Amino acid sequence: MIARARLIGVVALLIAGATGLISSTQTWLLVSLTDGAAEPLAVAGASAVVLLAPLSLTALALGAALSIVGRILRPVFGVIGAVLGIVLAVLTAPIAFNAPVSAVASEVAAVTGIRGDSAIAALVAGITATPWPAVTLVAAVLMTAAGIWVLATARLWPEGGKRYQSERVGRRRSGEPLDAIDSWDDLSRGGDPTT
């Protein structure tokens, strides 16, 4: 299980981030207005939760970076992932359980030109939620769990690159000539590969 801990953390963050990003483009709420419009007004996830797309993109970037980051930054990335998930859950939960008028206010104001909370509330006859807020809430919980998982297991992950480091040290000790890549790495570290 520990051998796959990094894979579990990375994949969970990527799935949660991708789900949130896809969700930001989908219809979250259908708003019926009292003005007699036949078609309900569709409100996308990015309009209902303004931070949905940026938080989801951050989770995607975090998951991708987590696959290559070193031992010191792994716990930091775990904390960031957990915080992203908590913030997304706090923003999404009210819409998933009881869609408030505030979630559709900007969209209603853009379509009707009417401003003010009380005026918009009087104009809204009903709000119906699609499954997308609930899907996003599940993604936020997954994001939080992935961050906690990374935080708990990061110190146990195997270090990358040690295998290649030991090969170079073994060749140097045996007197075997180093290849061009090893020589370049020595130059990058300030060493002289000709010695």
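**Note on the predicted model**

1. The accessible surface of the chain comes to about 10700 Å², and 67% of that area belongs to carbon and sulfur atoms. The model is a predicted one, and the remarks below should be read with that in mind. Of the 195 residues in the chain, 34% are buried.

2. As to the overall layout, the chain holds nine helices and three strands, and from the N terminus on its elements follow the order α-β-β-α-α-α-α-α-β-α-α-α. Among the contacts between residues at least 6 apart in sequence, 71% join residues that are at least 24 apart.

3. Helix α1 covers residues 5–23, and its length can be checked: at 1.5 Å a residue its 19 residues should span 27 Å, and the end C-alpha atoms are 27 Å apart, which agrees. The buried residues of this helix are A5, R6, G9, V10, A12, L13, A16, G17, G20 and S23. The partners against which these buried residues pack are β1 (27–33), α2 (45–48), α3 (52–66), α4 (74–97) and α7 (132–153).

4. One point of contact with α1 can be followed at the level of single residues, starting from S56, which is found in helix α3. Is S56 buried or exposed? With a relative accessible area of 0%, S56 falls under the 20% cut-off and is therefore buried. Leaving aside the neighbours within four places in sequence, S56 is in contact with G17, G20 and L21; of these residues, G17 and G20 are listed among the buried residues of α1.

5. Helix α7 passes a similar check on length, since its 22 residues, at 1.5 Å a residue, should span 32 Å and its end C-alpha atoms are 31 Å apart, which agrees. Its buried residues are P133, T136, L137, A139, A140, M143, T144, A146, G147, V150 and T153, and they pack against α1, β1, α3 and α4.

6. The strands deserve a paragraph of their own. β1 pairs with β2 in the antiparallel sense over four bridges, and β1 is also joined by five bridges to strand β3 (residues 124–129), again running antiparallel. Which residues stand opposite each other? On the β2 side, L29 has V43 as its bridge partner and V31 stands opposite L41, whereas on the β3 side L33 stands opposite V124.

7. Within strand β2 (residues 41–44) the side chains alternate, so that L41 and V43 point to one face and are buried, while A42 and A44 point to the other face and are not buried. The two buried residues of this strand, L41 and V43, are thus the ones already met as partners of V31 and L29.

8. Finally, the surface carries a nonpolar patch formed by L51, V79, V83, V87, L91 and L151, which together have about 440 Å² of accessible area. Which element gives the most to this patch? The answer is α4, with four residues. Another member of the patch, L51, is found in the loop between α2 and α3. The relative accessible area of L51 is 43%, which lies between the cut-offs of 20% and 50%, and L51 therefore counts as partly exposed.

Notes
Residues numbered from 1 in each chain as written. Predicted model: local features only at pLDDT ≥ 70, side-chain atom pairs only at ≥ 80, totals over all residues. Heavy atoms only, no water. Expected span 1.5 Å × (residues − 1). Buried < 20%, exposed > 50% of the residue type's maximum accessible area, 1.4 Å probe, protein only. Contact = heavy atoms within 4.5 Å. Patch = residues over 30% accessible without salt bridge, like charges linked within 9 Å, V, L, I, M, F, W, Y side chains within 5 Å. Areas by Shrake-Rupley, 256 points an atom, 1.4 Å probe, with all protein chains shown as cover. Salt bridge = Lys/Arg side-chain N within 4 Å of Asp/Glu carboxyl O. Pairing = 2+ DSSP bridges.
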